[in-house]
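Let's take a walk through this model together. Have a look at the sequence and the coordinates first, and then we can go residue by residue.

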Amino acid sequence: MKPFALARVLQLAERRGETLARAVKLAHGIWLRARGRQVQLAALRDAHIVQLAGELRGGVAAAQLQEMNRLQHAQAAEMQVGQDAIDAAHRDWQARLAEWMQAEQRVKALRLLEQRHLAQAAIQQRRIEQRAHDELVELTHRRDAGRRVR
């Protein structure tokens with residue numbers, strides 16, 4: 001029986017799938033951390049808004065108001081950077097996921113070919129064994145017939 005010709009290809013495809021799976025998990029973790037950072041920034045912004053509202057009720061100088069305004073713009077810019085990081089991490093995660101899924105389809109196809117090869121080999125082995133059995137039975141019958149004739 002010939003060995004499965006694509007066994008090495010299957011092995012390499014499985015390893016590649018495992019590597020890609022780790023990359024998908026890493027990219028997903030990066031995306032989750034970016035989302036967590038965005039939540040932190042939103043909480044800071046909300047706390048700052050509450051603090052600002054309290055200060056504005058008592059009245060503030062124009063210079064102080066300008067500084068508060070500058071801080072709000074800086075927070076908004078940081079939140080936009082955070083959102084951009086989330087979007088980039090999500091795209092990266094999805095790209096890696098698609099690549100992994102494609103690699104998994106290849107592994108499945110190669111495993112199916114391997115199963116078919118093994119099934120075919122089993123059929124051939126059964127035929128060989130059946131042929132050997134039939135020949136043995138035929139020889140036994142000939143020998144028995146030859147003994148009866150004497």
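Glutamine 38 is a good place to start: this residue counts as buried because its relative accessible area is 12%, where buried means under 20% relative accessible area, exposed over 50% and partly exposed in between (1.4 Å probe, protein chains only). Glutamine 38 belongs to helix H1, which covers residues 7-58. Leaving out residues up to four places away in sequence, glutamine 38 touches Met79, Gly82, Gln83 and Ile86, a contact being heavy atoms within 4.5 Å.

A word on the ground rules: the model is predicted, so local features need pLDDT of at least 70 and side-chain atom pairs count only at pLDDT 80 or more, while totals for chains, interfaces and linings use all residues. Residues are numbered from 1 along each chain as its sequence is written, and side-chain values use heavy atoms, with hydrogens and water left out.

**The overall picture**

The chain's secondary structure amounts to two helices and zero strands; helices (H or I, at least four residues) and strands (E, at least two) are DSSP runs, numbered from the N terminus. Along the principal axes, the C-alpha atoms fill a box of roughly 130 × 25 × 15 Å. The radius of gyration is 36 Å, whereas a compact globule of 150 residues would be near 15 Å. That radius is taken over C-alpha atoms, and the globule rule is 2.2 Å times the number of residues to the power 0.38.

Of the 150 residues in the chain, 18% are buried. The chain exposes about 11,500 Å², with carbon and sulfur atoms supplying 57% of it; these areas come from the Shrake-Rupley method with a 1.4 Å probe. Among contacts with a separation of 6 or more, 86% are between residues 24 or more positions apart.

**The core and its tryptophans**

Which residues make up the largest nonpolar core? Its seven members are Val24, Ala27, Trp31, Ala34, Ile86, Ala89 and Trp93. A nonpolar core here is a set of buried Ala, Val, Leu, Ile, Met, Phe, Trp, Tyr and Cys residues joined through side-chain atoms within 4.5 Å. H1 and H2 each supply at least two residues of this core, and the largest share, four residues, comes from H1. One of the core members, alanine 34, is in contact with Ala85 and Ile86, leaving aside neighbours within four places in sequence.

The structure holds one aromatic pair. Tryptophan 31 and tryptophan 93 form this pair, which is stacked, at 4.8 Å centre to centre and 20° between the planes. For the cut-offs, rings of Phe, Tyr and Trp (its six-membered ring) pair if their centres lie within 6.5 Å; planes under 30 degrees apart count as stacked, over 60 as edge-to-face and the rest as tilted. Because tryptophan 31 lies in helix H1 and tryptophan 93 in helix H2, the pair ties together parts that are 62 residues apart in sequence. Tryptophan 31 is buried at 12% relative accessibility, and tryptophan 93 is buried at 15%.

Tryptophan 31 has another partner: the charged end of arginine 35 sits over its ring, 4.6 Å from the centre. A charge sits over a ring if NZ of Lys or CZ of Arg is within 6 Å of the ring centre and within 35 degrees of the ring normal.

**Other stops along the chain**

Histidine 48 is in helix H1. Why does histidine 48 count as buried? The reason is its relative accessibility of 15%. Its contacts, not counting residues up to four places away in sequence, are Met68, Leu71, Gln72 and Gln75.

Valine 60 has its place in the loop between H1 and H2. This valine is partly exposed, with a relative accessible area of 27%. Beyond residues up to four places away in sequence, valine 60 touches Glu55, Leu65 and Met68.

Helix H2 spans residues 62-149 and includes alanine 119, which is partly exposed with a relative accessible area of 40%. Histidine 141 also lies in helix H2, and at 53% relative accessibility histidine 141 counts as exposed.

To close, here are some C-alpha to C-alpha distances beside the separations in sequence.

| Residue pair | Separation in sequence | C-alpha distance |
|---|---|---|
| Alanine 119 and valine 39 | 80 residues | 55 Å |
| Valine 60 and alanine 7 | 53 residues | 76 Å |
| Histidine 141 and histidine 73 | 68 residues | 100 Å |
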